[in-house]
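Me: I'm new to reading protein structures, and I'd like a close look at one part. Could you walk me through the place where the ligand sits, and then what lies around it in the model?

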Amino acid sequence: MNVAQTKRIVLGITGGIAAYKAAELARLLVKQDIEVQVAMTEAATHFITPATMQALTGQPVLIDQWQDDKGMAHIHTSRLADAIVIAPATADFIAKLAHGLANDLLSTLCLARNCPLLVAPAMNRQMWSNAATQRNLQRLISDGVTILGPANGMQACGEEGMGRMLEAEMLAQDIVALFQPKLLAGINILITAGPTYEAIDAVRGITNRSSGKMGYAIAQAAIELGAQVTLVSGPVALAKPSAAQAVDVTSAAEMLEAVKQHVAHADMFIGVAAVADYRAARQNKQKLKKSDANLTLELIPNPDILAYVASLPKPPFCVGFAAESEKLHEHATDKRRKKKIPLLAANLAQNAIGSDDNELVLFDDAGEHVLPRADKLTLARALLRHAIALYRKGSK
Ligand code: C5P
């Protein structure tokens, strides 16, 4: 599915060092079949060239309000847009937006719009925390403008703090989300993702090769569809979807605790985490010393988080995952029955772990449904559509 098809956004670039990330953002949006019309302030052209943006979007870049053939660029460009995204938005441009100024093409375009406006601030941490900037942002929020980020981290000026623009990938996700039909509006979804890490001693542990990509893709797809998402994640190297309530955990025991804390509000629980089946019976506080003797490690079983949730007196609609290395049908059917869950998504571990795409087979009361090989976000969207149909049927 690509509901973003035929959507058109105006990507407004203002004069900050994060302007270089706008090139990647444009590329990612074009890849999702979104038509991108770039409009830059004069200051932005000092950071990134219009030629770069034109090459990436295939459209001439708008800069000067006096150079338009038809003389009404601010009206017709904003009329054609499904959304305007300002990335990066400087403190100065945010101030202009907050006060309704229209003294260049981009600010005029924003004022003349009748579509959603999304703003990705990027500035030095002191400029960000300045009372004037915060006041302007509050004004924008109450005017219905969506603020994306900023993030905390290292800044171009060498300082560290709030004000970094969100990464292009995250911004692209938020923009695509805007165009998805909100099938899951009002639904709370609790998701576990990634591996768990079971410590043996101060530096060693048991884990697995789960990357967290499938769970994070499901979180992202659920947000796109309007759900409130709580993402309980084991240690992974992925950026969190910005709209998810994120809970970081390490071990299976911590994951279970986090799930217990949040499950009461969940309408749906999706256990994607590759929870370690066993943990060390004893965890040494200090690093174990090497010796010539054999070492036997005693392992004890971890709690099954999905089975725990599914057996609650009033369980949320539960979706499980199964990664098998063989006999997919047999093991998946057996697992679904044992864990007493209405829907189980199974895949072959050798196809799935760590990769960007996958193939899923869904098992439910009606039988088997194959979701053919695709990237994990596409699969996540298809899985959620299937899950929501079953959830709605069950709750009638
Ligand atoms: O039994 P198996 O580990 O193959 O089951 C996989 C499914 O069960 C996944 O949905 C996984 O998130 C969940 N699970 C769990 N807690 C465990 C083991 C698996 O929630 N301890």
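Reply: Here's a walk through the ligand site first, followed by a few other spots in the chain.

Keep in mind that this is a predicted model. Let's begin with who surrounds the ligand. The residues around it are G271, V272, A273, V275, P303, D304, I305, L306, G320, F321, K335 and K339. Three elements each give at least two residues to this shell: α11 (305-310), β16 and α12 (328-339).

Now for the polar atoms. K335 has a polar side-chain atom 2.4 Å from an oxygen atom of the ligand. With K339, an N or O atom of the side chain is 2.9 Å from an oxygen atom of the ligand. F321 does it through its backbone: one of its backbone N or O atoms lies 2.8 Å from a ligand oxygen. How much of the ligand ends up covered by the protein? On its own the ligand exposes 450 Å², and the protein buries 86% of that.

Strand β16 is worth a second look. It covers residues 317-324, and F317 is part of it. F317 forms an aromatic pair with Y391, with the ring centres 6.2 Å apart and 80 degrees between the planes. Why is that called edge-to-face? Planes over 60 degrees apart count as edge-to-face, so the 80 degrees of this pair fits that label. The count of aromatic pairs comes to one. Y391 belongs to helix α14 (residues 376-395), so the pair ties together parts that are 74 residues apart in sequence. As for covering, F317 and Y391 are both buried.

Follow the chain on from β16 and you get to K327, in the loop between β16 and α12. K327 isn't a glycine, yet its phi is positive, near 45 degrees. Is K327 buried or partly exposed? Its relative accessibility is 48%, so K327 counts as partly exposed. D33 can be described in a similar way: it is not a glycine, and it has a positive phi of about 65 degrees. You'll find D33 in the loop between α1 (19-31) and β2 (35-40). Because its relative accessibility is 40%, D33 counts as partly exposed.

Next, a lysine and a ring. K260 lies over the face of Y308, 5.3 Å from the ring centre. A little further along is H262, in helix α10 (residues 252-262). H262 has 17% relative accessibility, so it counts as buried. Its side chain reaches the backbone oxygen of A258 at 3.0 Å. Setting aside neighbours within four places in sequence, H262 is in contact with L190, T230, Q245 and V247.

Helix α8 (residues 168-178) gives you another covered stretch: eight of its 11 residues are buried. Those buried residues of α8 are A168, M170, L171, A172, D174, I175, V176 and A177.

Finally, check the backbone at two prolines. The peptide bond from A87 to P88 is cis, with omega near 0 degrees, and P88 is found in strand β3 (residues 83-89). G149 and P150 are also joined by a cis peptide bond, with omega about 5 degrees. P150 is in the loop between β5 (146-147) and β6 (151-154).

Note on methods: Residues numbered from 1 in each chain as written. Predicted model: local features only at pLDDT ≥ 70, side-chain atom pairs only at ≥ 80, totals over all residues. Heavy atoms only, no water. Phe/Tyr/Trp six-rings, centres within 6.5 Å; stacked < 30°, edge-to-face > 60°. Helix = DSSP H or I, 4+ residues; strand = E, 2+ residues; numbered from the N terminus. Buried < 20%, exposed > 50% of the residue type's maximum accessible area, 1.4 Å probe, protein only. Lys NZ or Arg CZ within 6 Å of the ring centre and 35° of its normal. Polar contact = N/O pair within 3.5 Å; in protein donor to acceptor, adjacent residues only side chain to side chain. Contact = heavy atoms within 4.5 Å. Near = heavy atom within 4 Å. Areas by Shrake-Rupley, 256 points an atom, 1.4 Å probe, with all protein chains shown as cover.
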